[in-house]
Amino acid sequence: MFSFFKKKSPPPEVPSPPATIAPPMAQPAAPTPTQPEPAPAPAARQGWLDRLKAGLRKTGSSITTVFTGTRIDDELYEELETALLVADTGVKATEHLLHDLKRRVKEAKATEPSQVKTLLADAITDLLTPLQKPLSIGDHHPTVIMVAGVNGAGKTTSIGKLTKHLADEGLSVLLAAADTFRAAAKEQLAVWATRNTVEIISQQGGDPAAVSFDAVSAGRARGRDVVLVDTAGRLPTQTHLMEELKKIKRVVQKADGTAPHEVLLVIDGNTGQNALAQVKAFDDTLGLTGLIVTKLDGTAKGGVLCAIAREKPIPVYFIGVGEKLEDLETFNAREFAQALLS
């Protein structure tokens, strides 16, 4: 199990002086150079990398076929440009990657298409690295996380998965069922609350802002570590619903002047460039602090992360490649680039 976030370390305790002084204990011998080093990554992470490679196959297959030829020429770059655009990398990110790639090829004096593929992975990694950031928990008590997204993006399911991992890390979580717009949303969140043995604040037909206020107030009163606010799914073109999101944020701030501490948007990787439009619209409305990108296993448009990095570089905290709990993991730029071109 991997920590999905960075917890603030508690201040070190000052030990009280011992009543008696014990004789010094023998120190273990220092390891010799012949001792094996610990494994760089546990098996669970390797399992995730395998799933990520499989999940990105639809996106990466059209790109990797470009490098099956024998020459590095204009035709290769033209085919690569087309493949990147088909993967919904976007015009700006595609232009950036091609310019950067040609520079790397020249500096490395590459002569084989396979070398260009490796250099492309490096270029994608550098482009995506600004998106790589851990979710920090513990700077505020409770840490209030507001989650938005359009219907069908996997918002409530992602909240449930995140709740599970937070609870497994020993953190107390309180859920706010503020998605009163979608039928059965409250019931879906309640299932996750029961499954994870966490509390949930909800109201029958209640106002979303009022539910959010009650949850944050309850989280503070009960000493919870995290309050997760599930807001109604909506399209950015639905002005009245976007205004409701603003209201929820204002009301949360009344319950806690420092909140919300994180405003996350869940986007569906299948939607490609439309996902970028959602990021821009929701950021204008709420001031996003992070993204969760879901369903990358079912799309050939996973290149949209490159478009986001180039045009709206908001941190991507988590990516998902399936429905299972372990199919949501922290985003790592190098892992993503290598899996994409594997």
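In this predicted model, the largest nonpolar core comprises 102 residues, and the members with the most contacts inside it are Ile63, Leu128, Leu228 and Ile319. Helix H5 makes the greatest contribution to this core, supplying eight residues. In soluble globular proteins, nonpolar side chains tend to be buried together. The surroundings of one of these core residues, Ile319, were examined further. When neighbours within four places in sequence are set aside, Ile319 is in contact with Trp48, Leu52, Val293, Leu296, Leu305, Phe331 and Phe336, among others. Its partners also include Asp327, Leu328 and Glu329.

Aromatic side chains were considered next. A search of the whole structure yielded two aromatic pairs. Tyr317 and Phe318 form a pair with tilted geometry, the ring centres lying 6.2 Å apart and the planes meeting at 50°. This pair is classed as tilted because the angle of 50° falls neither under 30 degrees, as stacking requires, nor over 60, as an edge-to-face arrangement requires. Tyr317 has a relative accessible area of 2% and Phe318 one of 0%; both residues are therefore buried, the limit being under 20%. A contact of another kind involves Tyr77, whose ring has the charged end of Lys102 sitting over it, 5.1 Å from the ring centre.

Helix H4 spans residues 91-108. At 1.5 Å a residue, its 18 residues should span 26 Å, and the C-alpha atoms at its ends are indeed 26 Å apart, so the expected and modelled spans agree. The buried residues of H4 are Ala93, Thr94, Leu97, Leu98, Asp100, Leu101, Arg104 and Val105. The elements covering these buried residues include helix H3 (74-86), helix H5 (113-128) and helix H11 (304-311). Helix H5 thus appears both in the cover of H4 and as the element that gives the most to the largest nonpolar core. Just after H4, Lys109 adopts a positive phi of about 55°.

For the protein as a whole, the model contains 12 helices and 10 strands. Of its 342 residues, 48% are buried. Among contacts between residues at least 6 apart in sequence, 78% join residues at least 24 apart. The accessible surface comes to about 16,600 Å², and carbon and sulfur atoms account for 54% of this area.

Conventions
Residues numbered from 1 in each chain as written. Predicted model: local features only at pLDDT ≥ 70, side-chain atom pairs only at ≥ 80, totals over all residues. Heavy atoms only, no water. Phe/Tyr/Trp six-rings, centres within 6.5 Å; stacked < 30°, edge-to-face > 60°. Buried < 20%, exposed > 50% of the residue type's maximum accessible area, 1.4 Å probe, protein only. Lys NZ or Arg CZ within 6 Å of the ring centre and 35° of its normal. Helix = DSSP H or I, 4+ residues; strand = E, 2+ residues; numbered from the N terminus. Expected span 1.5 Å × (residues − 1). Contact = heavy atoms within 4.5 Å. Core = buried A, V, L, I, M, F, W, Y, C linked by side-chain atoms within 4.5 Å. Areas by Shrake-Rupley, 256 points an atom, 1.4 Å probe, with all protein chains shown as cover.
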